[in-house]
Amino acid sequence: MNQQYEQVLQNSWQERQEYAEQMLPLLGKLYRDKSVEITVYGRSLVGASAIDIIKAHRTVRQHEGQKLRLRETFPFIQVLSELPLAPAEIDVGKLAYRFHYSDKAHSSDVPAYLQQELQSISDPSNQQQPRDVVLYGFGRIGRLLARLMIERQGKNNKLRLRAIVVRGGKEGDLEKRASLLRRDSVHGPFNGSITVDNERNAIKANGAYIQVIYANSPDEVDYAQYGIDNAIVVDNTGMWRDAEGLGQHLKAKGTAKVLLTAPGKGDIKNIVHGVNHTDILAEDSILSAASCTTNAITPVLKMMDERFGITSGHVETVHSFTNDQHLIDNFHKADRRGRSAALNMVITETGAAKAVAKAYPKLAGKLTGNAIRVPTPNVSLAILNLQLDNSTSREELNDFLRNASLFSSLHHQIDFSASTEIVSTDLVGTRFASVVDSQATIVADNRATLYLWYDNEFGYSCQVMRVVQDMAGLKVPSLPV
């Protein structure tokens, strides 16, 4: 009996693995040739392994109470690979689940069902022109943005990483820049091939030709001489945060818009994608993508305020140390930040609570905030202590946030975990702005405490890329609605 059971398990696993392996080339072709990103309940399958695909399918049961088998989604991916489609994000998990298990189970065949559900993207002829992107700075965020753009390489790619701008230019600099892109202590090795062209000062990665430009200030660069035109410059140095400083980029030939990967000052719009991205206008030339923490907490706060109302609240972030701190004790202009980041928990300030109001004005004056920097290199935790207008329960609150993570307009920003064992390193590489740790939720009448994990590097970089897409005027619908 035991041998028979083990054989059944082995056959079941073998079947799943075979279907996943058959999906891989189809997923790659859809992404490269049609700019169609396939997901399963929000889990992207771009660059996924066979095991990743199997794990993505397992999450369906957590949300629906019913498993979704790979043999049930494979026909959908087959048909999608053959259909003429405009660029889009398609959640094949939701489509397949609705087809097989919804109350109104469909009697039509898969091709007919998909043609009906995907009518809005059935005409690929109206293609938008590609847009040049320049990374000004090549630090932690810059290199992750490079990875995100390079993974989109293909004939239908609409955001082309054309150049990076850095200081330096000493012998061996190019090789070191390439090596930092190739290897990352936190996020692992680059998925692909990277070579250096010393003669032309360029890095070649997975078919992308990236010019490396050495400059000490933005306005001294002539991008046009490299064939770069109408570019969006993503300033990830943090050196300039006001319109005057960032405006230097617009004086360079070949540029059109600037995006800052830090909170902007003055009248600069601070965009948290999913919350106030509709504020982006065609004429906006300088924007900010706010901070990693602001991006992590604002989507959840918006959902909570719309559903329960927020009277007041306090945000405490347990944040990984950053390059702004010192590894060993040394002088720092800010209080406490001069003490060793690798040895200490450091209480410091955060402007994220106040910054929420720039993206979601309804919470202006209602939040306070503080931060504790801790000796971990990545992934942070935001603790939201909220006084609500209305009473609720832990079960109701968690159910609301689970549904928000799957079916709301903020499903790209909010993820949801029901694990009792999740820890910070499990969240490295998440593409969501934050992940609700439902097992830690505390509710007492109209008081709620929420714990939100966020990859303050990669998750934030994904939010930045969503803003870049909007600045470029790229419309990428997410289906099914």
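This section describes the strands, helices and nonpolar cores of a predicted model.

The largest nonpolar core holds 77 residues. Within this core, Leu 135, Ile 297, Val 300, Leu 301, Met 304, Leu 384 and Leu 401 touch the most other members. Helix H12, spanning residues 458-471, gives the most to the core, contributing eight residues. A second core, separate from this one, is made up of 40 residues, among them Ala 20, Leu 27, Val 40 and Ala 50. In soluble globular proteins, nonpolar side chains tend to be buried together.

Leu 384 can be placed in both the core and a set of paired strands. When neighbours within four places in sequence are left aside, the contacts of Leu 384 include Ile 297, Val 300 and Leu 301, three residues that also appear among those touching the most other members of the largest core. The remaining contacts of Leu 384 are His 314, Val 315, Ala 448, Thr 449, Leu 450 and Leu 452. Leu 384 is also the bridge partner, in strand E16, of Val 315.

Strand E16 covers residues 380-388 and is mostly covered, with seven of its nine residues buried. Strand E13 (residues 310-320) is joined to E16 by eight bridges, and the two run antiparallel. Strand E20 (residues 447-454) is likewise antiparallel to E16, again with eight bridges between them. In this second pairing, Leu 386 has Ala 448 of E20 as its bridge partner.

Another group of strands forms an open sheet of four, in the order E2-E1-E3-E21 and with mixed pairing. Its edges are strand E2 (43-44) and strand E21 (478-479), each of which pairs on one side only. Strand E1 (residues 36-40) runs antiparallel to E2, and two bridges join them. One residue pair in this arrangement is Val 40 with Arg 43, the latter lying in E2. Val 40 is also one of the members of the second core. Helix H4, residues 92-101, lies across E1 and strand E3 (88-91) and runs at about 40° to E3.

A hairpin is formed by strands E6 and E7, with four residues between them. E6 (residues 194-197) and E7 (residues 202-205) run antiparallel and are joined by four bridges. Val 196 has Ile 203 of E7 as its bridge partner. In the turn, Asn 201 has a positive phi of about 55°.

Among the helices, H3 (residues 70-82) and H5 (residues 110-117) pack at an angle of about 65°, their axes lying 10 Å apart. The crossing of H3 and H5 is right-handed. On the H3 side the contact is made by Pro 75, Phe 76, Val 79 and Leu 80, and on the H5 side by Val 110, Pro 111, Tyr 113 and Leu 114. By class, this contact of H3 with H5 comprises eight nonpolar residues, with no polar and no charged ones.

Helix H7 (residues 173-182) contains Asp 173. The relative accessible area of Asp 173 is 14%, which is under 20%, and this residue therefore counts as buried. With residues up to four places away in sequence not counted, Asp 173 touches Arg 167 and Tyr 214.

Conventions. Residues numbered from 1 in each chain as written. Predicted model: local features only at pLDDT ≥ 70, side-chain atom pairs only at ≥ 80, totals over all residues. Heavy atoms only, no water. Axes fitted to C-alpha atoms, helices over the stretch in contact; angles between N-to-C directions. Left-handed = near helix turned anticlockwise from the far one by under 90°. Contact = heavy atoms within 4.5 Å. Nonpolar A, V, L, I, M, F, W, Y, C, P; charged D, E, K, R; others polar. Core = buried A, V, L, I, M, F, W, Y, C linked by side-chain atoms within 4.5 Å. Buried < 20%, exposed > 50% of the residue type's maximum accessible area, 1.4 Å probe, protein only. Pairing = 2+ DSSP bridges.
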